[in-house]
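Colleague: Could you walk me through one helix and what its side chains are up to? I'd like a close look, with the surroundings filled in afterwards.

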Amino acid sequence: MQRTLVFLALLSGAAVSLPAAVSAAPANELAQAQSHQQKRIQALSRRDRQGAYEALVATGDARPPAPLRDATGHVIGLSVEQRQAATREAAIDLAALGFTAADVSAYRKRDVDLFELVRKFFSGTASPGEQMAMADTVVIATAGPAVQGRTRLDGFLSAIPLTVVDSLKGSRAPGDTVYLARKSGLMPDGLLMEVSSEVALVPGKRYLLALSKNLYEQWTAEARKQPEAAFSALPFLIYEVSDGGALLAGPQPARSGANPKDIKTAERQLRTFSLHQH
């Protein structure tokens, strides 16, 4: 769950750093990182994605070594073991987000290294276009009131339903419902849990959302929970859409790079980095 916790920190705007596996860590920290990686790999296996992970590791090991950088851009000096752990960490992240070795090859033909891109994403230095590339679903949708107060299989307490108006990337179509899974909500004892990093969407308003169903499924697998039957996802980016198509600041803009000013700008950024958009 460490990577998921880093993701929550990313949502909250808190400072994050590269995982312990890619820092100049002592041997015991490296061992802890490897143990954590094994737990995440087991979650991938429960999702039938271990084969994708193993192919990604082989692809990462075969590529020319590139310097690893921290969130400030400084090159990190790594031992062989730390570099291998860093490759495994990036491969886990890519497999968790639904990518394959074939995707890595396809992106490289466009001079984009997915291993570097996923590191930028989880260190909070990815641009909006790069964040949309990491997402498996990008839609314009209308929010409904949060659904809560029922027993869920996935460990979340509530969800915001969104009715898709237009789909820019992924399998959703206009009229479909996408559920934004939330840790906030009513607990079994009736008390309300509020997670400050989570955004509250206004029912009836339209939003552009970059979402990941894959990250949601990885979260549930690492927590040994079951995903809900309905299409549920976690957010990377959320912008309110004005009547004229302009994107208003927030409620969850990018932490790095210029935010797109309107839907057409977002579509251009998506085309720059993504192979699978509509």
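Colleague: I mean α8, and I'd start with one of its acids: what is the relative accessible area of E217, and does that make E217 buried or partly exposed?

Modeller: E217 comes out at 23%, so it counts as partly exposed. Keep in mind that this is a predicted model.

The helix around E217 has a rather different flavour. α8 spans residues 213-222, and 8 of its 10 residues are buried, so the rest of the structure largely encloses it. The buried set is N214, L215, Y216, Q218, W219, T220, A221 and E222. Both ends have something to check, too. At the start, S212 brings a side-chain oxygen to within 3.5 Å of the backbone nitrogen of N214. Just past the other end, R224 has a positive phi of about 55°.

Back to your acid. E217 has a salt-bridge partner in R47, with 3.5 Å between the closest N and O atoms. That pair links distant parts of the chain: R47 sits in the loop between α2 and α3, E217 in α8, and they are 170 residues apart. The two partners are not equally accessible: R47 is buried at 14%, while E217 is partly exposed at 23%.

α8 has a second acid to look at, E222. The side chain of E222 makes a salt bridge with R40, 3.3 Å from N to O. R40 belongs to helix α2 (residues 27-46) and E222 to α8, so this pair ties together parts of the chain 182 residues apart in sequence. Here R40 has 2% relative accessibility, which means it counts as buried, and E222 is buried as well, at 13%.

Now for salt bridges elsewhere. The total for the model is 10. One that doesn't involve α8 joins K120 to E130, with the closest N and O atoms 2.9 Å apart. K120 is in helix α6 (residues 114-122) and E130 in helix α7 (residues 128-134), so that pair spans 10 residues in sequence. K120 is partly exposed, at 31%, and E130 is buried, at 9%. As for your helix, E222 also belongs to a network: salt bridges with shared partners join R40, E89, D93 and E222.

For contrast, take a charged residue that goes without. R182, in strand β6 (residues 177-182), is buried yet has no salt bridge; its nearest oppositely charged side chain is E198, 4.3 Å away. With a cut-off of 4 Å for a salt bridge, that distance falls outside. What the R182 side chain does reach is the backbone oxygen of V199, at 2.4 Å. Setting aside neighbours within four places in sequence, R182 is in contact with F156, L157, S158, A159, I160, E198, V199 and A200.

On to the nonpolar packing. The largest nonpolar core has 48 residues, with M134 and L208 making the most contacts inside it. Apart from it there is another core, of 16 residues, including A141, Y207, A233 and I238. Leaving out residues up to four places away in sequence, L208 touches a long list, among them V138, I140, L168, L237, I263 and A266. Two of those contacts, I263 and A266, are also buried residues of helix α9 (residues 263-273), whose full buried set is I263, T265, A266, Q269, L270 and F273. These cover an arc of only 160° around the axis, which puts them on the same side of α9.

Last stop, Y207 from that other core. Beyond four places in sequence, A143 touches Y207, along with V202, I160, P161, L162, L201, P203, G204 and K205. A143 is in strand β3 (residues 137-143) and is buried, at 5%. V202 lies in the loop between β8 and β9 and counts as partly exposed, at 39%. The C-alpha atoms of V202 and A143 are 6.5 Å apart, although 59 residues separate them along the chain.

Note on methods. Residues numbered from 1 in each chain as written. Predicted model: local features only at pLDDT ≥ 70, side-chain atom pairs only at ≥ 80, totals over all residues. Heavy atoms only, no water. Helix = DSSP H or I, 4+ residues; strand = E, 2+ residues; numbered from the N terminus. Buried < 20%, exposed > 50% of the residue type's maximum accessible area, 1.4 Å probe, protein only. Arc of directions from axis to C-beta. Core = buried A, V, L, I, M, F, W, Y, C linked by side-chain atoms within 4.5 Å. Contact = heavy atoms within 4.5 Å. Lys, Arg positive; Asp, Glu negative; His and termini not counted. Polar contact = N/O pair within 3.5 Å; in protein donor to acceptor, adjacent residues only side chain to side chain.
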